[in-house]
Number of protein chains: 4
Amino acid sequence: MIKVGIVGGTGYTGVELLRLLAQHPQVQVQTVTSRAKAGTQVAELFPNLRGHFDLAFTEPAQEKFTDCELVFFATPNGTAMQSVPYLLNAGIKIIDLAADFRLKDIAVWEQWYGMEHACPHLLEETVYGLPEVNRAEIAKARLVANPGCYPTAVQLGFLPLLEAGIIDPQRLIADAKSGVSGAGRKANVATLMGETGESFKAYNVSGHRHWPEICQGLNAYTEKPVDLTFVPHLIPMIRGIEATLYASTLRDISLEEIQSLFIQRYQNEPFVDVLPAQSHPETRNVRGVNMCQLAIHQPHKTVVILSVIDNLVKGAAGQAIQNMNIMCGLPETSGLTGVALLP
Amino acid sequence: MIKVGIVGGTGYTGVELLRLLAQHPQVQVQTVTSRAKAGTQVAELFPNLRGHFDLAFTEPAQEKFTDCELVFFATPNGTAMQSVPYLLNAGIKIIDLAADFRLKDIAVWEQWYGMEHACPHLLEETVYGLPEVNRAEIAKARLVANPGCYPTAVQLGFLPLLEAGIIDPQRLIADAKSGVSGAGRKANVATLMGETGESFKAYNVSGHRHWPEICQGLNAYTEKPVDLTFVPHLIPMIRGIEATLYASTLRDISLEEIQSLFIQRYQNEPFVDVLPAQSHPETRNVRGVNMCQLAIHQPHKTVVILSVIDNLVKGAAGQAIQNMNIMCGLPETSGLTGVALLP
Amino acid sequence: MIKVGIVGGTGYTGVELLRLLAQHPQVQVQTVTSRAKAGTQVAELFPNLRGHFDLAFTEPAQEKFTDCELVFFATPNGTAMQSVPYLLNAGIKIIDLAADFRLKDIAVWEQWYGMEHACPHLLEETVYGLPEVNRAEIAKARLVANPGCYPTAVQLGFLPLLEAGIIDPQRLIADAKSGVSGAGRKANVATLMGETGESFKAYNVSGHRHWPEICQGLNAYTEKPVDLTFVPHLIPMIRGIEATLYASTLRDISLEEIQSLFIQRYQNEPFVDVLPAQSHPETRNVRGVNMCQLAIHQPHKTVVILSVIDNLVKGAAGQAIQNMNIMCGLPETSGLTGVALLP
Amino acid sequence: MIKVGIVGGTGYTGVELLRLLAQHPQVQVQTVTSRAKAGTQVAELFPNLRGHFDLAFTEPAQEKFTDCELVFFATPNGTAMQSVPYLLNAGIKIIDLAADFRLKDIAVWEQWYGMEHACPHLLEETVYGLPEVNRAEIAKARLVANPGCYPTAVQLGFLPLLEAGIIDPQRLIADAKSGVSGAGRKANVATLMGETGESFKAYNVSGHRHWPEICQGLNAYTEKPVDLTFVPHLIPMIRGIEATLYASTLRDISLEEIQSLFIQRYQNEPFVDVLPAQSHPETRNVRGVNMCQLAIHQPHKTVVILSVIDNLVKGAAGQAIQNMNIMCGLPETSGLTGVALLP
C-alpha cells in the first residue's frame, strides 16, 4: 500500500480526495490535516465517509508526512508553496490541487494571484498535470501542478484542433459554466443557496485566473499566440462544468474529419470520451467520475466543441489521483473506475 | 376596461398572462379556453390565482371571443393560424405568443416548423412584436407575432452594435441558456426534474427554430447577411434566460464608446436597462418582470454582451402585454410595473 | 405619504421590505441603514430594485429616523432592543422583524437567545404582531414584535382547533420545513449551495428558538399548557415554509365540521386562505405574496393540517407591512395585493 | 459469474440497477429488456454507462432469460405478475422492485392497486425483501418482493421501538419526504422541473399505497394493530428520502436507553448506520449508496427518529442487489461498498 497525506482536507476537493481514495485498492490515507478541524474525525465532518475512514484531522505540520510517499495539497492558493520545498527535500512527491505551481511565468502568476511566490525556483521543474498532454513528464515528476477545473475542460476540447493546425488560434472563444462547488467550501455570501439558487449569471468576464492558465497550455501548440475570450458562468447546481468552445477553421474541413481527429487523438486516453458527432453531453453523465466527455458540432462556419467534466473529479481530485497513479507507477485507472450517478 | 381573451390558458405562458393581467388596471380577462380543462376554474389549476379570478376554462370556440377587443394565443405552434383569419374578420386584434407568424419567408417557416402554413397571406401584414424595433407598426397592427424568448434576449443585445455598423455581422456568436419553463408545461420525459435537475447541457446545437427568427431580425440592420452561431443550453432552474453574445468589432472602439451607444439606443425604452459597463446581470434580477438587463464587456478584442430576461415575461407574456398596451393605446408600462423577486 | 425607515436593509427581510414597499401606494421609504454598505445605492446591492429606488444605505444612527412615522428593524436578534427606547421616545412606531420582543417571559427569552435583554420594561406593552389574533391591539400599538416565520405558519394552522377546544393540546406535533432564505443572508458554510442543494435534513430537533414562541402563542387558547413537538427541516430551495401539523381530536368530529370551523374562523381574514378539504397546498402557490394557505385532512384518527407561507412575506416582511397598515390606519391589504409567481 | 436479467431497464430503478451491477464483481447482466427502446444500446440512453456496458435493450420475452440465475423486474406495478410464474417454473429466481408481491392480503392489494392480481397463489411463498427483518427467509426464497422506498425508511426507524414494546403502536406518525425520482422516469406534467422545482408540498395525505405496506410490516411486531398516520411530501431535488418518525413511549425511558436499543438492534447490519444520538442525518450522506442512517432524539415526551436513505438505492436497486446477494449465496455487501457523493 502506498501511503499518502492530504493537507487541507476540509474543503470540497479534500472530501472528494477522501471519497475516491477510500476506494483505491493500492493507497492508504495516512494523514489529513486541518487547522480548524484538528481532532475531529473526518467521518464526523463528512458523514458520507462513515465506515470508510477511522482517521481524525490533525494540525498541519510538515513532520506529519514523513512516512508518506506522496502528499496532496487541497489548500487555498498560496499555502502549498510554503511547505513544498521542505517536503520535496524529505523525498516526498507533491501534487498541488491549488494554483501555486500552475503558471511558468512568475510575473504573470504574481499579477493574477496578488502575492509574492515563495519558491519561484521550483516552477521550472514543476510538471503541469494534464496527463493527456504531459503523461511522460508526470511519470518522472516530483512536483505536479494539478490543472484548474475550467482549464481541464477547455484545453481538452481545443487541443486536437490546435495540434492539427486547423483552427485560427486568434479567434478562440470559451463560454464555460460551472456548478457552485467550484467556489469552494468557505463562508461566503456570494455562494449561499439564497444567492446562487434559481439564477444564472456570468462572472469575472473581464478577467479570471484560469485565463492565463488556459492560454499557457494552448500556446504550446500554436505558433501565433492564442487569443482566447473566456467567459465563466455560475450554474445553480453543485457539481459539473460544461464548456462550449467556438473556433474558426482555417480551411474547409468536414465534421467527419474533425470527428476522426478527435477519435484518433484520444483513442488511448482512459478519461477522455469522444461522443458521436452532434451529441449533447450533460454534466450528469460524468457526475462523480474522472471523465471528460466531448462532442463536436459544426453549425455553419464555426466549429463548436462541447466539453463536460465533474469539476471536483476530472477538474480536481480525480485528476490528482490519476496523476498520483502515474507518478507512483500504478495503473492509471486504479481507483477511478466508478460509474457516474444518473439521475 | 378593455376585454381580452386567451386561447390555451393552461401552459406556462397562459398562467403568466393571467398573473400579469390580474394586476392590469385597464384590462379584464373575459374568456380563457382550454380543450383539456374546460369547466375547471383557473384558480383550481393554478392556485396562485385564488382570489384573483372567478373564471373557468371554456372549450375553445371562435364565437367565445366576440366581445373581446384582443385575443392572445398561448397555444402550441400551428394552432393560432387556424383561427386567426376568423377573429381578424370579426374585428378582433391578435397577439400570437407562438411562432405561427414570426417568419416572413413562408418556405423557411414550413421547413423549420414541419407543417404547411394555414394563412400565408397574413404574413406580410403581421408585425413582429419587438417594441424596441417596431413600436410604430405595432401601434397600427391587427396581428402581432410575439417574439420568441431567445430571439428577444439575443436581438436586444446585438441590435445597437449592428445598427451602428461597428461589428462584423458574419462573426456573431450567441451562447444562450434557458430555464426549463421555456420547454412548456407538457408531459415530457426530457423536462422532468429527474432529467434536468442538477445537470447542464447544450441542446439543438445543429439547429434551433429560434435561429432563423433571430437572423431575420438582425438582417434588417446589416447589408451583408448575418452569420450567427447560436447554441442554446438548458439550466437546472425554472425561469430565466441569459445570453452571452460575442462580436468582433470592425474598427478600434473603446468600451466607453460602446457603453454610450447602448445607453443612447435604449434611453427611452422602459423595458431595457443598460447596467454599468462590466456588470454581471443575473437572471433573478428580472424574475417575474418585463425587463431586459444588458451589460457590456470588452476583454481583449471581442465585445461581450450579457443579456438577461425572464423567458416567461419579457420573453413571452410580459412582452405580449407590452404589445397589447401599444396596440390598444394604453400606457406602454401599464400592468408591467412590478418588482423582480430576489432572492 | 407615510414616511418609514428600515434599520438593516441588506438582508433578505430587508430587500423584501424594499420590494414590497416599492409597490405600496401610501408609503415612502425615507431611510435605510446598513453599517457595512453605507454609501452604496440599494439598487446596486439588489439589482431587482433598479428603477424603483433612488436611495443609498446610510450609517445607522437614531437621528436619521426623526421624520419617519414608523421604523422597521430587519436586523439580527439583539440589535433592535438597543435603539427602540430612543425611537419610541421620539414618537416613532416600531416593528421589529427579529425576535427581541417576541417573548413575554424575560427569563425564557434570555435562555433561548443567550443574552441579556436591554429593555425588558417594554415587553409588556409590546404587541405580538399576528393580525389574525391581535388586530385590535396592533392598531393601538407603538411597538410590534413581528412573528417568526415558523410560528406564523404553525399558529395559523393550530389556532382554530385549539380555540374550539377540540384537540388535545398536549399532543401537538409540527413537522415544519423551510427554504434556505430563512437562515438569512450572511456568510455561512452551512447555507452554501454546496451544503444545502440536493439534500434534505432535519435540524435543531432538540430545541429551536421558535418553539417557545409558538408555545406562548398557543397557550393563550388552552387551559392545559400545550405540549408541542416541533421539528424544523431545511428544504433545498430558497423561499417557502410548509408545516404539516398533527393533532388528536378530543371527540368524534368529521372532516366537514373541521373544515367549517376553519372557513368560519378565517372568513374575514384577507391573508389566510382555507383551501377545499383534502387539498395539497404547495409553497409556490404563495411565493412572493402575503398569504397563508391552509388545508385540512383527516386520515384515520389524526387531524392533519397543511400550512404554507412564503417565509419572507407572510413569515416576515409582508406581515410587517400588514402590521404597519394596521398601525397607521391604512387599508390592511394596501401594497399587498400581488399575485404569486408560479411556476 | 452469476448471470442476471432485468425486465424494464429504462426507468430510474433500471439505470440504477445497471450502475450498481456494473461494479459488482460476481455478477454479469445478460439481458435487459424494454419494449420502447429495443435495439438501443443502454449506454446510448444512459450515457453515464458508456464504457461499462456493451449491451442493447431487447424486446421483452420470457425466453430471453433462460440462462439467467435471477431476474429483476424494474417495471410498473402489474407487469411482473404476468411473467413471474413462467420464470419461476424455469427455475429462475425473481426480485420484483415493483409492488406486485408486497402485500400478503390480496383484497388489500387489489383495493390499493386497482387491478386484479394475476397470480395470488404466489403471495404466500413470496418473501418481503427487507433483509434486516427477513434475512433467513430471503436466503431460501425463489421470489422476493423488494420493499418500497418509504416503507424501507419508515420500518427501519420504527422497528427497534416496536420490537422492544416501548412505544404505543396506535400513535405512530411518519412525516416522510422524497426526491422526485421516486415518481419514476415517465412523461408526466406533475413531475416536470417547472412543477416541482423551488416548491414543496405534501401529497396523497388521505391515502398512499405505501401505507398498507408499512402497516403490514410493523404489525408483525405488535399485538395491537398499529395506527399509523403517514404523510408523504415531495422535495425539490432528485434523490433521497428523509422520514421523521414520531412515537409516544409507554413508559419512562431515557434517550441513552433508546440509543442503546438501536445500536444493539443494528450492530450486525452492514446497511443500517445508527448515528450518535441527536445527530441530524442529511439525505446526501447516503446519496448513491445502500445505506440507511438513523438518529434518535427525544425532545419532551415524544421520541423522534430521523431516517434517511437514497430512494433509488436502499429504497430500490441497492436493496434489490442486497437481496440478490443473499439469495445467491454471495457476500451480502458485494458490489455495494461505494462511498456516497458529497457534496
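Here are some questions and answers on how the chains of this predicted model meet. Residues count from 1 along each chain as its sequence is written, and chains are lettered from A in the order in which they are written. Local features need pLDDT of at least 70, side-chain atom pairs count only at pLDDT 80 or more, and totals for interfaces use all residues.

User: Which three residues supply 41% of the area that chain D buries against chain B?

Analyst: Start with the contact, meaning heavy atoms within 4.5 Å: 19 residues of chain D touch 19 residues of chain B. About 1500 Å² is buried between the two chains, with 68% from carbon and sulfur atoms; that's accessible area (1.4 Å probe) lost on putting two parts together, summed over both. The trio that beats any other three residues on chain D's side is D:Leu192, D:Met193 and D:Ile238.

User: What is the N to O distance in the salt bridge of B:Glu195 and D:Arg185?

Analyst: A salt bridge here is a side-chain nitrogen of Lys or Arg within 4 Å of a carboxyl oxygen of Asp or Glu. The rule finds 2 of them across the interface of chain D and chain B. For the side chains of B:Glu195 and D:Arg185, the N to O distance is 3.4 Å.

User: What kind of axis relates chain A and chain B?

Analyst: Superposing by least squares on C-alpha atoms of residues with pLDDT of at least 70 in both copies, a rotation of 180 degrees with 0.0 Å of shift along its axis puts chain A on chain B, RMSD 0.0 Å. That relation is a two-fold axis.

Definitions and conventions. Side-chain values use heavy atoms; hydrogens and water are left out.
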